[in-house]
Amino acid sequence: MRYTQASPTRAAAAVYVTLTAQVLSLAALVIFEMTRGRDLAARLAAFGGRPQGADAEAVVGAVTAFAVLMMLVAGTTLAAAASYLTWLVRARRANDRSAATGPVAAAWLIPFVNLAAPAVLVDQVWRGARPPAGRRGRWLALLAAWWLSWLATLALVTIRVPLGSSAGDLTGVGVPELGCAAVAAVLCAATVHELTGLQRAARTTWSAEPSAPRTQAQPVAPAQPVVPAQPVVPAQPVVPAQPVASAQPVASAQPMVPAQPQSSPQDAAQSAPQTPLQAPLQAPPQTQPQTG
């Protein structure tokens with residue numbers, strides 16, 4: 001399942017700021033090393049490690065400035081490392097919310113593993129952001145350049161700096177170390193910017209995809225003109241109620257006529273007059289024959 005967590009834009013901004021501060025503090029240390037480093041190292045060596053008297057007071061300011069610069073370089077380096085790890089954790093969780101923090105710490109802290117694992121981890125985050133087609137080669141070139149410059153800076157700090165300090169310098173940090181560190185910082189910021197931009201674009205694409213097609217807005221019908229209100233007709237005066245007429249006296253009941261006795265059907269048949277149709281039914285009178 002794909003989650004649409006916000007891209008780690010603020011963490012990326014913190015990486016840019018801390019990398020810039022690291023390069024600036026390292027540049028200040030290199031400038032101090034080149035201008036006053038050898039002289040200060042020689043005077044400290046003449047004191048035998050225990051400066052006393054007026055000569056000791058003369059180098060207090062320079063030693064203090066050197067100590068402050070060293071603290072700035074160490075502090076900005078730790079801040080850059082912390083901000084980068086924070087960004088990497090959030091970048092992995094922007095692709096998958098269940099991504100653990102352990103692989104990030106292991107990739108950077110385990111000896112010999114940290115020589116290749118961080119670059120592989122960043123590449124996995126880049127592939128998880130669903131980049132557009134055709135950008136794989138450009139990304140691999142940028143990633144390889146950053147990682148090689150970082151390894152070169154690490155080699156200069158761990159190998160050349162001890163040799164330079166034994167030659168009479170305070171720290172042995174010079175222009176080569178500053179150049180490699182600056183290039184590594186710029187390329188690191190470029191990888192962070194590339195990956196953060198991909199995640200921001202992917203998040204915008206995911207949020208722009210609607211769950212259902214949008215319906216086209218219907219044109220709004222023009223408003224009908226407002227009809228002026230009719231004047232209010234004054235109420236008619238209330239007509240007083242008519243007096244209720246008195247009730248008419250109820251007429252007295254008529255005397256009941258006694259019912260006629262009912263005649264039976266036989267009586268009705270006898271009393272009914274015979275019709276002419278019944279006359280032929282009667283037998284004709286018999287006549288006596290005449291004799292001649």
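In the predicted model, the largest nonpolar core (buried Ala, Val, Leu, Ile, Met, Phe, Trp, Tyr and Cys residues joined through side-chain atoms within 4.5 Å) holds 31 residues, of which Tyr-84, Trp-87, Leu-88, Trp-146 and Leu-195 touch the most other members; buried denotes under 20% relative accessible area, exposed over 50% and partly exposed in between, with a 1.4 Å probe and protein chains only. Two or more residues come from each of helices H1 (9-46), H3 (60-95), H4, H5 (117-128), H6 and H7 (175-208), where helices are DSSP runs of H or I with at least four residues, numbered from the N terminus. The most is given by H7, with seven residues. A second, separate core of 16 residues includes Leu-26, Val-30, Val-73 and Ala-181.

Eight aromatic pairs are found in the whole structure, a pair being rings of Phe, Tyr and Trp (its six-membered ring) with centres within 6.5 Å, stacked if the planes are under 30 degrees apart, edge-to-face if over 60 and tilted otherwise. The rings of Trp-108 and Trp-147 lie 5.8 Å apart between centres with planes at 75 degrees, and the pair is therefore edge-to-face; this pair links H4 (residues 102-109) to H6 (residues 136-166) across 39 residues. Trp-146 and Trp-147 also form an edge-to-face pair, at 5.3 Å centre to centre and 65 degrees between the planes. Trp-146 is buried at 3% relative accessibility, and Trp-147 is buried at 7%. Ring pairs join Tyr-84, Trp-87, Trp-108, Trp-146, Trp-147 and Trp-150 into a cluster.

Residues are numbered from 1 along each chain as its sequence is written. In this predicted model, local features need pLDDT of at least 70 and side-chain atom pairs count only at pLDDT 80 or more, whereas totals for chains, interfaces and linings use all residues, and side-chain values use heavy atoms, with hydrogens and water left out.
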